[in-house]
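Work through the exercises below with the structure at hand. Each task is followed by its solution.

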Amino acid sequence: MTTLLISRANFQGREVDVLVEGNRFKTISDQPLAGSFDRVLDARGKILTAPFYNGHTHAAMNLLRGFADDLQLMDWLQNHIWPAEAHLDDAIVYAGTRLSILEMIKSGTVFFNDMYWYAPAVLRAAEDMRVRAAIARQAIETSPGVNNPTNVESNAALEAAVKSCSSRVFLTYAPHAIYTVCGDSLKAMHDKAAAEKAYYHMHVAETRFEVDECRKAHGGLTPVAYLDSLGVLDERTVMAHCVHLTDDDRARIAAKGAVIVHNAQSNLKLDSGFCEVGKAVQAGCRVILGTDGCCSNNSMSMFSEMKTAALLAKTVADDPTIAPADEILAMATKGGAAAFGLDAGEIAEGKLADAMLLDASNSLLVPGFNLTSDLVYAADSTCVDTVICDGNVLMENRKVPGEAEIIAAAREAAARLTGGR
């Protein structure tokens with residue numbers, strides 16, 4: 001079993017040595033640990049803290065960052081994004097996903113819940129870069145032009161590929177939304193997810209238009225009530241956005257233990273509305289954070305997502321005590337990990353060894369009265385020096401192996417995707 005010593009890190013205001021054995025934290029000691037270790041990280045001047053878990057994104061969409069901004073959601077999708085995605089292929093998605101993972105690592109994220117095409121390419125990229133990922137068997141039944149022969153990605157090659165991968169990656173069932181997948185398919189995919197104890201991931205109640213159309217089509221039911229009527233809400237149901245919810249919706253979500261993924265920046269940019277995080281938490285809902293894709297955000301940084309989520313929640317509730325920093329940080333760390341059954345998201349003996357080391361000398365962390373507050377309201381990716389996932393050092397001294405090649409390949413893939421625009 002390999003060993004990693006994180007030496008003399010600042011952890012919760014004290015200097016500690018941390019021993020990682022295999023992929024778990026073995027010992028956190030106030031005294032120097034002696035012995036022979038496979039690798040030693042000198043963490044003097046660094047702050048040890050939990051990394052981030054991105055609850056909803058479309059990783060390879062970063063190849064369309066800046067491609068189609070400042071548009072209405074359906075115009076953006078139907079007239080710009082879906083036509084561009086008709087040119088997707090395995091190599092393009094692999095290059096885009098690696099670029100996205102690079103950005104996530106450099107901003108302290110070790111897990112992402114993806115919903116995109118060419119799942120084998122996403123899987124391969126996540127494995128190659130040694131991060132954690134939930135990878136979608138995506139379904140869209142009504143998206144003209146998408147270059148996918150069945151629009152439902154579940155095939156023998158994918159199933160075989162994931163079996164040969166590490167436990168860091170796993171598959172989800174991911175119907176896109178109620179307006180792109182029919183009720184029978186929504187239920188069938190959930191039945192498969194339940195049988196396999198897999199997660200079920202979709203967009204829900206993102207726009208007023210979606211809610212209005214659902215009420216017209218389904219006897220006045222909201223999207224959440226409609227999904228509940230299909231029997232697809234449970235503790236493994238992960239719902240992105242949930243912007244337009246009623247009190248009844250929140251009560252249903254809480255009762256079934258389903259997860260809301262708040263995508264504050266994407267919702268603001270597309271003018272989708274304001275997810276009332278304070279009401280959701282008060283109703284007992286599980287809420288985590290996600291960045292959404294890079295052509296609707298346009299960043300993969302969970303730092304900026306946390307700050308926006310916190311400030312927006314206060315403004316929407318007209319109450320500065322709503323969504324305090326510790327609550328928001330938990331949504332981005334241990335809450336995000338727990339939502340996907342990961343025994344991670346906090347630095348503790350026995351937990352999976354995911355961590356980041358922050359540079360305590362970075363001006364954004366000075367004077368350092370309250371680390372939690374600094375992480376949510378002040379810090380950005382420049383504060384992250386080292387990232388560890390599953391006991392593996394992914395970045396040290398802000399350097400990720402192969403950065404230049406990843407960036408060059410992504411530039412070439414973006415040119416192919418957009419016709420050199």
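**Exercise 1.** Which residue just after H7 takes a positive phi?

Solution. The model is a predicted one. Look just past the end of H7: Gly231 has a positive phi of about 80 degrees.

**Exercise 2.** Decide whether helix H7 is largely enclosed, and find what covers its buried residues.

Solution.
- Step 1. Take the cut-off: a residue is buried when its relative accessible area is under 20%.
- Step 2. List the residues of H7 that are buried: Pro223, Val224, Ala225, Tyr226, Leu227, Asp228 and Leu230.
- Step 3. Helix H7 spans residues 223-230, and 7 of its 8 residues are buried, so the rest of the structure largely encloses this helix.
- Step 4. The cover over the buried residues of H7 includes three helices, H5 (183-196), H6 (208-217) and H8 (247-256), together with strand E10 (199-204).

**Exercise 3.** Compare the span of helix H15 with the expected one, then work out how its buried residues are placed around the axis.

Solution.
- Step 1. H15 has 16 residues, 403-418, and its first and last C-alpha are 23 Å apart, close to the 22 Å expected at 1.5 Å a residue.
- Step 2. In H15, Glu403, Ile406, Ala410, Ala413, Ala414 and Leu417 are buried.
- Step 3. These residues cover an arc of only 105 degrees around the axis, so they lie on the same side of H15.
- Step 4. Ala404 and Arg411 are exposed on the other side of H15.
- Step 5. Helices H1 (73-85), H2 (90-106) and H3 (119-129) are among what covers the buried residues of H15.
- Step 6. Just after H15, Gly419 has a positive phi of about 70 degrees.

Note on methods
Residues numbered from 1 in each chain as written. Predicted model: local features only at pLDDT ≥ 70, side-chain atom pairs only at ≥ 80, totals over all residues. Heavy atoms only, no water. Buried < 20%, exposed > 50% of the residue type's maximum accessible area, 1.4 Å probe, protein only. Helix = DSSP H or I, 4+ residues; strand = E, 2+ residues; numbered from the N terminus. Contact = heavy atoms within 4.5 Å. Expected span 1.5 Å × (residues − 1). Arc of directions from axis to C-beta.
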